[in-house]
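Colleague: I have a structure open and would like to go through it step by step. Could you take my questions one at a time?

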Amino acid sequence: GHPAGSGKAVMEVMRRGLATWIGGLLLAAGALATVAGAAEAWVAVTRETHPGLPGNEIQFLSPARDGGVWVGTLSGLGRLTGNECSTVVEKIEAWCVLEAGDGGLWVGHHNGVLRRTAEGKTTAALAGHTVSPIVEIRPGVLWALAKERATETNRLMAWAGKEWTPVPGSEKLRAVDLFQSRKGQLWVSVDGNGVLEVGADGDLAQARHHHRGLNVSTVAEDGHGRIWCGFWSRGAAVWDGATWGNHIGDERTSAILTICEDRSQTLWAATSANGVWRAFNRQEWTHDLADEGAVNLLAATPDGRVWVSSQMHGGLRYWDGEAWQVSLDSPLPIRCILQTADGRTVAGGVLDGLHVREGK
């Protein structure tokens with residue numbers, strides 16, 4: 001639900017095209033046999049086996065403060081505790097969730113935002129907008145990116161305790177994505193015109209404008225607090241707080257969808273059409289899985305694994321330091337993955353619900 005210029009836009013194009021190539025995925029299932037390794041044991045958690053799961057089309061997974069997992073689906077917001085599911089909000093396309101510092105819960109969805117207070121009172125706002133993401137920039141103050149569905153216009157909105165209002169100075173900004181660093185800085189991707197670096201106070205008037213004239217497809221943060229920007233067909237760049245350093249810089253990168261860093265400090269970048277890139281300690285980049293096209297999922301988990309799911313092969317593979325190993329053998333792509341505090345790995349499929357792997 002975001003216009004061209006952001007990683008979310010690329011993923012949405014891929015999502016909408018799912019029905020046109022699902023048959024090809026089924027035919028490609030046999031190709032998994034060419035990848036080293038045997039599949040591991042996963043428990044399937046679907047709407048049919050666990051009626052508490054709102055739906056089988058998983059949009060996102062987010063860790064809950066109490067150790068559970070928030071599960072966003074095209075049919076509602078759910079919670080996973082162990083292998084048990086419960087529906088929290090039904091009949092919405094859940095796009096994001098935020099547990100605020102005051103104990104309240106905010107849910108961005110296809111037709112606005114829901115707020116559930118710590119006392120259990122629920123209110124709705126921003127009807128007619130697709131809302132995602134929502135971030136808390138300081139206690140009691142939230143920002144959200146809201147796309148007006150009638151005009152397909154994005155707006156940066158702020159909540160300061162009473163109602164949602166446009167962020168001052170954002171009316172003509174054409175924001176397409178919003179990222180918050182661990183230090184509280186906000187990075188606002190602008191359609192076709194780079195990113196704004198906004199302080200934790202949320203003052204747009206004092207924002208620094210980077211990469212003017214470029215389409216930023218994703219913003220990420222590595223383990224050293226450096227900010228990475230991925231571009232459409234321009235590779236990636238890293239900000240150390242003073243200067244930008246260019247990386248990858250290969251025309252084959254297409255759009256960079258995701259950038260992450262694993263436990264060994266190897267950096268990884270997923271593309272929209274040409275597999276993945278990796279580099280140890282930000283040095284020479286190596287191209288991998290180039291023949292697999294779009295990468296639906298690239299993520300590093302605390303156990304040291306780097307996970308990949310592509311449109312061509314689906315399922316889940318992980319990098320063991322030397323080769324890709326099959327973990328979940330399936331023709332269907334996985335959209336999201338996380339590891340819980342107790343070591344379990346939870347993956348969300350585009351059509352087939354959740355998959356849970358016990359920790360070792």
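**Sheets, a cavity and salt bridges**

Modeller: Start with an open sheet of four strands, ordered 10-11-12-13, with antiparallel pairing. Keep in mind that this is a predicted model.

Colleague: Which strands are the edge strands of this sheet?

Modeller: The sheet is open, and its order is 10-11-12-13. An edge strand pairs on one side only. That description fits strand 10 (129–138) and strand 13 (164–166).

Colleague: By how many degrees are neighbouring strands of this sheet turned against each other on average?

Modeller: The order to follow is 10-11-12-13. Direction is ignored for this value. The average turn between neighbours in this sheet is 30°.

Colleague: What is the bridge partner of W159 in strand 13?

Modeller: Strand 12 covers residues 153–159 and pairs with strand 13 in the antiparallel sense. Three bridges join the two. For W159, the partner in strand 13 is W164.

Colleague: On to another sheet. Which strands are the edge strands in the order 6-7-8-9?

Modeller: This sheet is open as well, with four strands and antiparallel pairing. Its neighbouring strands are turned by 20° against each other on average, direction ignored. The strands that pair on one side only are strand 6 (94–99) and strand 9 (122–125).

Colleague: Which residue of strand 9 is the bridge partner of L114?

Modeller: Strand 8 and strand 9 are antiparallel partners, with four bridges between them. L114 lies in strand 8, which spans 112–116. Its bridge partner in strand 9 is A124.

Colleague: How much space lies in the second largest cavity?

Modeller: There are two cavities of 30 Å³ or more in the structure. The lining of the second largest one is made by V89, L105, V107, L114, R115, R116 and T122. Its space comes to about 40 Å³.

Colleague: Which strand gives the largest share of that lining?

Modeller: Strand 7 (105–109) and strand 8 (112–116) each supply at least two lining residues. The largest share is three residues. They come from strand 8.

Colleague: How many of the lining residues are nonpolar, polar or charged?

Modeller: The names to sort are V89, L105, V107, L114, R115, R116 and T122. Arg counts as charged, while Val and Leu count as nonpolar. The split is four nonpolar, one polar and two charged.

Colleague: Why is strand 2 described as largely enclosed?

Modeller: Strand 2 runs over residues 58–63. A residue is buried when its relative accessible area is under 20%. Strand 2 is largely enclosed by the rest of the structure because the buried residues number five of the six.

Colleague: Which residue takes a positive phi in the hairpin of strand 2 and strand 3?

Modeller: Strand 2 and strand 3 (residues 69–73) run antiparallel and are joined by five bridges. One of the pairs is I58 with T73 in strand 3. Five residues lie between the strands of this hairpin. The residue with a positive phi, near 100°, is G67.

Colleague: Now the salt bridges. How far apart in residues are E221 and R182?

Modeller: E221 and R182 form a salt bridge, with 3.7 Å between the closest N and O atoms. E221 sits in strand 18 (residues 216–221). R182 sits in the loop between strand 14 (175–180) and strand 15 (186–190). The pair links distant parts of the chain, 39 residues apart.

Colleague: Is E197 buried or exposed?

Modeller: E197, in strand 16 (residues 195–198), makes a salt bridge with R208. R208 counts as partly exposed, at 42% relative accessibility. For E197 the value is 7%, and the limit for burial is under 20%. So E197 is buried.

Colleague: What about D342 and R344: which one is exposed?

Modeller: They form a salt bridge, the closest N and O atoms being 3.6 Å apart. R344 has a relative accessible area of 6%, so R344 is buried. Exposed means over 50%. At 55%, the exposed residue is D342.

Colleague: Which residues are joined into one network by salt bridges that share partners?

Modeller: The count of salt bridges comes to ten. Some of them share partners. The network they make joins E40, R305 and R357.

Key. Residues numbered from 1 in each chain as written. Predicted model: local features only at pLDDT ≥ 70, side-chain atom pairs only at ≥ 80, totals over all residues. Heavy atoms only, no water. Salt bridge = Lys/Arg side-chain N within 4 Å of Asp/Glu carboxyl O. Buried < 20%, exposed > 50% of the residue type's maximum accessible area, 1.4 Å probe, protein only. Pairing = 2+ DSSP bridges. Axes fitted to C-alpha atoms, helices over the stretch in contact; angles between N-to-C directions. 1 Å grid on protein atoms, 1.4 Å probe; cavity = no way out; pocket = protein on both sides within 12 Å on 5 of 7 lines; lining within 4 Å. Points joined across faces, edges and corners; volume = space filled by probe spheres on them.
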